[in-house]
Amino acid sequence: MTAPVVTRFAPSPTGFLHIGGARTALFNWLYARKLGGKMLLRIEDTDRERSTEPAIAAILDGLKWLGIAWDDDTVYQFARADRHREVALQLIAEGKAYYCYANADELKEMREKARAEGKSKLYDGRWRERAASEAPAGVKPAIRLKAPLDGETVIDDQVQGRVVWQNENLDDLVLLRGDGNPTYMLAVVVDDHDMGVTHVIRGDDHLINAARQKQIYDALGWTLPSMSHIPLIHGPDGSKLSKRHGALGVDAYRAMGYVPAALRNYLVRLGWSHGDQEIFSTEEMIDAFDLSSIGRSAARFDFAKLENLNGHYIRHADDQSLVTMFEDVLNYVPHGDDVKAKLNDTTRAQLLRAMPQLKERAKTLIELIDSAYYIFADRPLTMEPKASALLTPETRALIGQLRVALETVTDWSAATTEEATRAFAEQAGVKLGAVAQPLRVALTGKTTSPGIFDVLAVLGRQECLARLADQASV
């Protein structure tokens, strides 16, 4: 019977959940879900100086927001340090590791000599066969793996193919530092083994680590998990992803008004393809995802594509769910508190009523907030400069006359207010646009808005007549 698939996402909490990490988590989650397995979460917090509680909270929050749910309890690597030390001592007892008493100056000299000779192996193995009786007094030794001196270390990678290293070029890597703290290399191997991880899916910047970790697996007689090293994400110009390209935390995308489903869909298509399909529901992603369709070349991040995809998801979202997302993003944007303070049963109902028109033009939730601003605006409205320029004595007089005409409308709706406005324009001998634009400015303070008659319907009779009165001259 085949063992159930177990993947893991193992971020270091030295910063927020960045976009590359989010994609790695998504690939692990999709693969586990497709095969009916588990995705585990391990926080690799052994770097005590740089690991922070806010970063851990941001990683957990980012995963939850993206809809990536892990299984079982979160594992914290630092809490398992005793287990890591136990394994290092086991390797010592079995003669597969040794105490190294080389000091910092000796190690520096070794590295400089090796580099000068063009060698990739930086440690010369001087303590590999020496007896403990030769140890200098007062030196706390590190523990190093007795790596094989000849032959090859081979990884059959699900993405990169067969990758081979010559053992003569690989160091006896440190398993336990002189201060007794385990290294990343040892901790990862022990944790993956103890957690029952069957598939390691991670960035290809870890590919060299796979060779070193395989040597630890071999020394311990443990089975190496299936390895898949996915290419990193680059900027649109092919260079390393930077902040200007999109190398931001998931929290930043949330604050920029992207919706979780759209970001998930965008991330799955960064380096993985399924024919020409671009839009995937969560179920479709799970059904279609496989490791063989991940490309070997770096994916390129494209904000324009992400925006267009986000616009698609906004247009096709349920109106009520958009109201909920609208409220959520207010927690992350400047001046969000101002709008939150004005959210009540009336404005929520107006927002819900306006949503069919608002979502047609918005590519992000921020654009949705901007176009819905007229619902929450204080009277008298603050005018944009372009809008203010349109409020001439003539247009103010026109607004006053139009207000009188609209006052007669009792059954207030988009249709009835449009009928009354058209009748007014005809009677005044002007084109509808000459009336509609001053009307838009008087009701929204802007020169652009959703359809003006939809605006009238959303704001309601009392608010509209009051706003018109603010800008009219009699």
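**Exercise 1. A proline in a loop**

In which loop is P11 found? Decide too whether P11 is buried or exposed, and list what P11 is in contact with beyond its sequence neighbours.

*Solution.* A word before we start: this is a predicted model.

- Step 1, placing the residue: P11 sits in the loop between β1 (6-9) and α1 (19-34).
- Step 2, accessibility: P11 has a relative accessible area of 9%. The cut-off for buried is under 20%, so P11 is buried.
- Step 3, surroundings: leaving aside neighbours within four places in sequence, P11 is in contact with L41, R42, I43, E44 and I59.
- Step 4, a pair apart in sequence: P11 and D45 are separated by 34 residues in sequence, with their C-alpha atoms 8.5 Å apart in space.

**Exercise 2. Reading helix α3**

Check the span of helix α3 (residues 81-93) against its number of residues, then work out where its buried residues lie around the axis.

*Solution.* Let us begin with the length.

- Step 1, span: at 1.5 Å a residue, the 13 residues of α3 should span 18 Å, and the end C-alpha atoms are 19 Å apart, which agrees.
- Step 2, buried set: A81, H84, V87, A88, L91 and I92 are the buried residues of α3.
- Step 3, direction: these residues cover an arc of only 150° around the axis, which puts them on the same side of α3. The spacing rule helps here: an α-helix has 3.6 residues a turn, so residues three or four places apart point the same way.
- Step 4, the other face: turned away from the buried side are the exposed residues D82 and A93.
- Step 5, packing partners: the buried residues of α3 pack against strands β4 (97-100), β5 (142-145) and β8 (174-176), and against helices α5 (184-194) and α6 (207-220).
- Step 6, after the helix: G95 follows α3 and has a positive phi, near 75°.

**Exercise 3. One of the strands that α3 packs against**

Describe the setting of V174 in strand β8.

*Solution.* Recall that β8 is among the packing partners of α3.

- Step 1: V174 is partly exposed, at a relative accessible area of 23%.
- Step 2: not counting residues up to four places away in sequence, V174 touches A142, I143, R144 and T183.
- Step 3: the C-alpha atoms of V174 and C100 are 8.8 Å apart, although the two residues are 74 residues apart in sequence.

**Exercise 4. A buried arginine**

Which side chain of opposite charge is nearest to R202, and which side chain does R202 join in a polar contact?

*Solution.* Start with the location and then look around the residue.

- Step 1: R202 belongs to strand β9 (residues 199-203).
- Step 2: R202 is buried and has no salt bridge; D192, the nearest side chain of opposite charge, is 5.4 Å away. The cut-off for a salt bridge is within 4 Å.
- Step 3: the side chains of R202 and H229 are joined by a polar contact of 3.0 Å.
- Step 4: residues that R202 touches include R8, T24, Y184, N209, M227 and H229.

**Exercise 5. Salt bridges**

How many salt bridges does the structure hold? Compare the sequence settings of R379 with D470 and R403 with E407.

*Solution.* First the count, then the two pairs.

- Step 1: the structure holds 34 salt bridges.
- Step 2: R379 and D470 form one, with closest N and O atoms 2.7 Å apart. R379 lies in the loop between α15 (373-376) and α16 (385-390) and D470 in helix α21 (residues 461-471), so this pair ties together parts that are 91 residues apart in sequence.
- Step 3: R379 is partly exposed at 44% relative accessibility, and D470 is partly exposed at 31%.
- Step 4: R403 and E407 form another, at 3.4 Å between the closest N and O atoms. The two are 4 residues apart in helix α17 (residues 393-407), about one helical turn.
- Step 5: salt bridges that share partners join R8, R42, E44, R80, R83, E86, D191, D192 and D194 into one network.

**Exercise 6. Helix α11**

Which residue caps the N-terminal end of α11, and which residues of the helix are buried?

*Solution.* Take the buried residues before the cap.

- Step 1: D319, L322, V323, F326 and V329 are the buried residues of helix α11 (residues 319-329). Within an arc of 130° seen down the axis, they line one face of the helix.
- Step 2: their packing partners include α7 (250-255), α10 (303-315) and α13 (345-361).
- Step 3: D318 is the cap, with a side-chain oxygen 3.2 Å from the backbone nitrogen of Q320.

Methods. Residues numbered from 1 in each chain as written. Predicted model: local features only at pLDDT ≥ 70, side-chain atom pairs only at ≥ 80, totals over all residues. Heavy atoms only, no water. Buried < 20%, exposed > 50% of the residue type's maximum accessible area, 1.4 Å probe, protein only. Lys, Arg positive; Asp, Glu negative; His and termini not counted. Polar contact = N/O pair within 3.5 Å; in protein donor to acceptor, adjacent residues only side chain to side chain. Contact = heavy atoms within 4.5 Å. Expected span 1.5 Å × (residues − 1). Arc of directions from axis to C-beta.
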